[in-house]
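Colleague: I want to see the reasoning behind a few labels. Please show me the model before we start.

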Amino acid sequence: MKKYVLKRLLAVIPSLFVVSVVIFMIIHLTPGDPAIIMLGDQADPAAIEALRSSLGLNDPLPVQYFNWLIGIFHGDLGQSLYSSESMAVILKNHLAPTFALTVYALIIAVTIAVPLGILASKSRGSICDRIISIFSMVGISLPSFLLGLLLMILLAVKLKWLPVAGYKTIAENGFGPFLRYLTMPAIALGCMEAGLIIRMTRSSMLEVLNSDYIRMAKAKGEKNRAIILKHALKNALIPIITSIGQTFMGLLSGATVVETIFNIPGMGKLIITAVSQRDYEVVQAVVLFVSVLNIFICLLIDLLYGVIDPRVRLDD
């Protein structure tokens with residue numbers, strides 16, 4: 001296990017290098033000048049040039065990349081060109097809302113999807129299976145921002161059950177308001193991803209239920225509940241866990257629009273603001289952080305394979 005983890009961590013290094021180069025080049029090749037955005041179109045060219053020089057934007061791109069990389073190796077992700085706040089503080093302030101929304105949405109998606117996927121596989125070809133398939137198709141097809149707007153109209157404007165938008169922290173307002181403000185955006189994100197997990201769960205369960213050892217368990221008189229939960233689900237978990245891991249990564253990087261609609265001060269809203277302002281340091285740090293997080297989630301999923309299924313060897 002230790003040897004496998006070490007090999008995977010070493011394999012991460014070139015991936016992170018490629019990601020850092022791509023991130024840096026894309027953001028610096030995007031049209032727009034931070035100095036002009038900060039000072040305005042009518043600013044004196046000399047003032048713009050002086051600001052560019054003070055921000056290090058006149059240096060050649062390889063020099064700027066090298067300086068950024070050296071800072072990362074020293075634990076310094078840079079600072080915002082606008083607020084001069086360090087990226088550590090900015091990430092700390094904006095990560096918590098995004099992470100809370102992502103986890104809440106994932107809980108909703110898994111709670112809905114796994115039982116429905118199992119039920120659909122048990123009743124293959126029935127009306128129940130067709131209804132669940134339609135639900136999963138609608139979940140996949142309906143954009144999260146559109147579902148969010150519909151929920152906003154129904155639950156907030158019409159029924160007044162939930163607040164329209166905003167975000168409340170647990171420390172300042174308690175757990176109740178925290179959940180109330182996150183429920184609608186979490187449902188909007190979770191229902192979209194639930195459709196994918198339903199389809200994966202159903203497909204994986206159907207493959208296992210057609211196996212010889214399941215037929216043997218039925219022939220021995222095992223109860224249907226025990227067959228589903230003890231034998232079938234356990235052996236169908238690897239594709240399901242893969243789907244859940246991919247869902248988490250998709251939610252983490254796909255919460256941008258939903259956070260904007262519901263005015264949640266998370267990573268998505270941060271990066272949209274940073275892109276519009278050409279705040280290079282913020283965009284680079286956020287995208288790199290999410291990329292690193294995705295890589296380590298993939299590593300965690302691989303480790304879970306060995307825990308769930310002893311046939312998966314992690315020593316090779």
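The questions below take up one helix and two loop residues.

Modeller: This is a predicted model, where local features need pLDDT of at least 70, side-chain atom pairs count only at pLDDT 80 or more, and totals for chains, interfaces and linings use all residues. Residues are numbered from 1 along each chain as its sequence is written, and side-chain values use heavy atoms, with hydrogens and water left out.

Colleague: Why is Lys160 called exposed?

Modeller: Its relative accessibility is 63%. Exposed means over 50% relative accessible area, buried under 20%, and partly exposed in between (1.4 Å probe, protein chains only). So Lys160 counts as exposed.

Colleague: And why is Asn263 called partly exposed?

Modeller: Its relative accessible area is 41%, so Asn263 is partly exposed.

Colleague: What is notable about the phi of Asn263?

Modeller: It is positive, about 55°, although Asn263 is not a glycine. Asn263 is in the loop between α13 (256-261) and α14 (267-277). Helices are DSSP runs (H or I, at least four residues), numbered from the N terminus.

Colleague: What phi does Lys160 take, just after α7?

Modeller: A positive one, about 60°.

Colleague: How do you know what span to expect for α7?

Modeller: The expected span is 1.5 Å times one less than the number of residues. α7 has 15 residues, and its C-alpha reach of 20 Å, first to last, is close to the 21 Å expected.

Colleague: Where is the kink in α7 centred?

Modeller: On Met152, at about 25°. The bend is the angle between axes fitted to the seven residues ending at a residue and the seven starting there. Met152 is also one of the buried residues of α7.

Definitions and conventions:
Helices (H or I, at least four residues) and strands (E, at least two) are DSSP runs, numbered from the N terminus.
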